[in-house]
Amino acid sequence: MLSGRGGGHRPQIVQQSGPTMQEIESAMDQMMCQALEQCKAMYEARVTTLEGLVEQQQAQLQHLQQLGVLDSRVSQLAHEVSALHLEHTVLRDDSQAAAECLLGSGALPAPLLHARRKACQSLSAFRSLMESPERVQAMEGLLGGRAAEVAHLGAASRGFREARRVAREKAPQQTARAAEDIDEEAFQQLRDFEPPRAELDKWEKSVTVHTVIGSLKVEGLIGKTDALKYSDVFKIFSQLGLTLDQFVEKFTTVRRTRTAEHLEEMAGKVLERLSSQRAEKGVISCRDVYRLLEIVGYPLRRFKAVISGSDDHEQAQATQKLGGYRIRAQIGQGRSGSASYLGEHVSDQTRVAIKWPAPRDELAVLKEIQRAAPKGCLGLPKLLAHGDCQREPYFVTELLGSPLSRVFQCLDGSDRKWPALRVIGRLVLRRLQALHACGFVHCDISPENIVLGRARESAGGGPLLTLYLVDFEHAQKYPGGRALGVDASSAEWSSIRSGDGGERLPEDDLEALGWVLTNGLLGDLPWFPWLAAAYKDWDSQWTRHQAAKQVQSAKTHFLNGGWRALSSRKAVKMPVELSGFIPACRPENAVPGKPDYTSLMALLGGSRDVGSEEAEQDDLRQLTEHISEL
């Protein structure tokens, strides 16, 4: 709880008359434990006898049935005995599990409240049994006429029912009282604990902070997220080791046990009170989150130490300079050893992306594409600078946003998944056509190599998001490019034809787009686990060859109808357009290297005028709307 400087006098809180919720919970715990001890003891003593008795009776009845001396009434009784035995076995297991859970938990602290709810479900089933006169009478008979024990069980059942009724009646009072627990005086004193503006500016410039936030959001530009949902703030708390219980208690007058749902509600009220800017419900500005963390004991120095293990992590990385740029933090790593970094210009602090060491072939391709591409070519990042550092090449491009893989994660479970994927497909298709028109094929289309970014130009309205192609390490000229091996591309999404190796065609890029969209719709595809295992031994040429052939076979099977089984298991309907997109990338009797972009665009619901600027702008607006919803 926050207090003002000087320790001003605080009015004493007057205890209201009547039992508190803690007292009611304590009484309920005692009643449940006592009753369950009785239940457990009786079950342990009687169940063995009961099971033995039932087994003897079943054996005798079966013997009499074989002799043909049983009438229909006795046969019916035999069925009732068997049913009762089955019911009693299930009841025994449920009750024993509930008893062990409750009795082993002692006073039932908050982390085990979910166990109490589970136990109550089992006890409700038990109460239903005890409220059936016929079943009670049958139990008395099977227990040898010992009605007293059955009566004790019935009393325990009624006790549970009464305790739960009282708890339900008190629940609204508990919620209202908990809302009153928020310390209004503490919020009035917050001005004495406000961090300096300069300190909050450091948060906004911290790469560690932007890395954490970027892992929670889909970003059009890295480091440009300005607001978070309450649920994302709670995730940051979790990464810091700050529980909601600990957080809430810093702003309350009374400490008490609260349910998880109630803690989230109260934490949300605290965030709402701490928000200095008007925002939609359930959202708080990032700057207010920084204020909050400073106030509750997680200043930037501690935040960075908890997240990265050292508060000097950023400073150590920022010492490396490449030309007119300084490295701030690593943001990616390729299998070939190349790394991607967040960087900034040494004079104006413009943020950029740096790849170092970069493959010389990739740098050569980027320079050629920059020369060949017309001004404003779709989906190609600007090459800002390049050179050598420590005898290794590097290049600098404009900074972009989240990869498509992050968008897929956020789309999971959304009822707008396929409409969003269609827009993504149309945008990427135009970018591939523009790249192919420059005389190159990408050769490694994957969700990691398609990233969000801000559109450089938009027709009216606010800034729009767009998509960029990145990572041209395997890009080749077409026609005339060199042959690539079966392992050159990301096998998860590469074309079936690429599994044979050889020169890549524009159709291979387009088919890879089809697999990317299928991945976005259905999630992990059947061959993903195979490749994850194979990558551990990727240095083996045999492993790479075999994995490529196995994936090639699986993709062929998928296209021949195997997608139906996967779609059924994942409870996602495979759109007809998507199931037809991949075969349409390489139709029979088509001329190699001459894909029909117009037909592919139509399959994704787009205009047949592939290069239409109006269609591009409309798709950018739709993409921005879909991403905003995420």
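Reader: Let's start with Glu204. Which residues does Glu204 touch, leaving out those up to four places away in sequence?
Author: Glu204 touches His210, Arg287, Tyr290 and Arg351, once residues up to four places away in sequence are set aside. Keep in mind that this is a predicted model.

Reader: Does one of those have a polar contact, and if so, which side chain does the side chain of Glu204 pair with?
Author: That would be Arg287: the two side chains make a polar contact at 3.0 Å.

Reader: And where does Glu204 sit?
Author: In helix 7, which covers residues 197-205. Glu204 is partly exposed there, with a relative accessible area of 36%.

Reader: How far apart are the C-alpha atoms of Glu204 and Cys286?
Author: They are separated by 8.5 Å, while the two residues are 82 residues apart along the chain.

Reader: Ok, zooming out. How many helices and strands does the protein have?
Author: There are 23 helices and 12 strands. The protein has 630 residues, and 47% of them count as buried.

Reader: What share of the contacts comes from residues 24 or more positions apart?
Author: 68%, taking the contacts with a separation of 6 or more.

Reader: Now the inside. Which residues touch the most other members in the largest nonpolar core?
Author: Ile424, Leu467, Phe472, Trp527 and Leu623 do, in a core of 73 residues. Helix 17, residues 417-437, gives the most to this core, with 11 residues. Domain 3 (321-398) and domain 4 (402-628) each supply at least three residues to this core.

Reader: What is Phe472 in contact with, beyond its neighbours within four places in sequence?
Author: Phe472 is in contact with Glu362, Val365, Leu366, Ile369, Leu380, Pro381, Leu435 and His442. Apart from the largest core there is another core, of 38 residues, and among them are Tyr230, Ile284, Leu292 and Phe303.

Reader: Any general reason for residues to gather like that?
Author: In soluble globular proteins, nonpolar side chains tend to be buried together.

Reader: Switching to helix 23. What span should its 17 residues have, and how far apart are its end C-alpha atoms?
Author: Helix 23 runs over residues 613-629, and at 1.5 Å a residue it should span 24 Å. Its end C-alpha atoms are 25 Å apart, so the two agree.

Reader: Which residues of helix 23 are buried?
Author: Ala615, Glu616, Gln617, Asp619, Leu620, Leu623, Thr624, His626 and Ile627 are buried. Their cover includes helix 16 (404-411), helix 17, strand 10 (450-454) and strand 11 (465-469).

Reader: And what caps the N-terminal end of helix 23?
Author: Ser612 does, with a side-chain oxygen 3.4 Å from the backbone nitrogen of Glu614.

Reader: Sheets next. In what order do the six strands of the open sheet come?
Author: The order is 3-4-5-6-8-7, with antiparallel pairing. Strand 3 (321-322) and strand 7 (383-389) are at the edges with a single partner strand each, so one side of each has no neighbour in the sheet.

Reader: How many bridges join strand 7 to strand 8?
Author: Six, and the two strands run antiparallel, with strand 8 spanning residues 392-398. His386 stands opposite Phe395 in strand 8.

Reader: Is Thr397 buried or exposed?
Author: Thr397 is buried, with a relative accessible area of 11%. Thr397 has its place in strand 8. Not counting residues up to four places away in sequence, Thr397 touches Val352, Ala353, Pro381, Lys382, Leu383 and Leu384.

Reader: Let's do backbone oddities. What kind of peptide bond joins Trp356 and Pro357?
Author: A cis one, with omega about -10°. Pro357 is in the loop between strand 6 (351-355) and helix 15 (360-372). The bond from Tyr478 to Pro479 is cis too, with omega near -5°. Pro479 is in the loop between strand 12 (476-477) and helix 18 (506-522).

Reader: What about phi of Gln349?
Author: Phi of Gln349 is near 60°, which is positive in a residue other than glycine. Gln349 is in the loop between strand 5 (339-345) and strand 6. Its relative accessible area is 42%, so Gln349 is partly exposed.

Reader: And Asp471, what is phi there?
Author: About 60°, a positive value, although Asp471 is not a glycine. Asp471 is in the loop between strand 11 and strand 12. Asp471 is partly exposed, with a relative accessible area of 25%.

Methods: Residues are numbered from 1 along each chain as its sequence is written. This is a predicted model: local features need pLDDT of at least 70, side-chain atom pairs count only at pLDDT 80 or more; totals for chains, interfaces and linings use all residues. Side-chain values use heavy atoms; hydrogens and water are left out. A nonpolar core is a set of buried Ala, Val, Leu, Ile, Met, Phe, Trp, Tyr and Cys residues joined through side-chain atoms within 4.5 Å. Buried means under 20% relative accessible area, exposed over 50%, partly exposed in between (1.4 Å probe, protein chains only). Helices (H or I, at least four residues) and strands (E, at least two) are DSSP runs, numbered from the N terminus. Domain bounds come from an automatic or database domain assignment. Contact means heavy atoms within 4.5 Å. The expected span of a helix is 1.5 Å times one less than its number of residues. A polar contact is a pair of N or O atoms within 3.5 Å; within protein, one must be able to donate a hydrogen and the other to accept it, and residues adjacent in sequence count only if both atoms are side-chain atoms. Two strands pair if DSSP finds at least two bridges between them.
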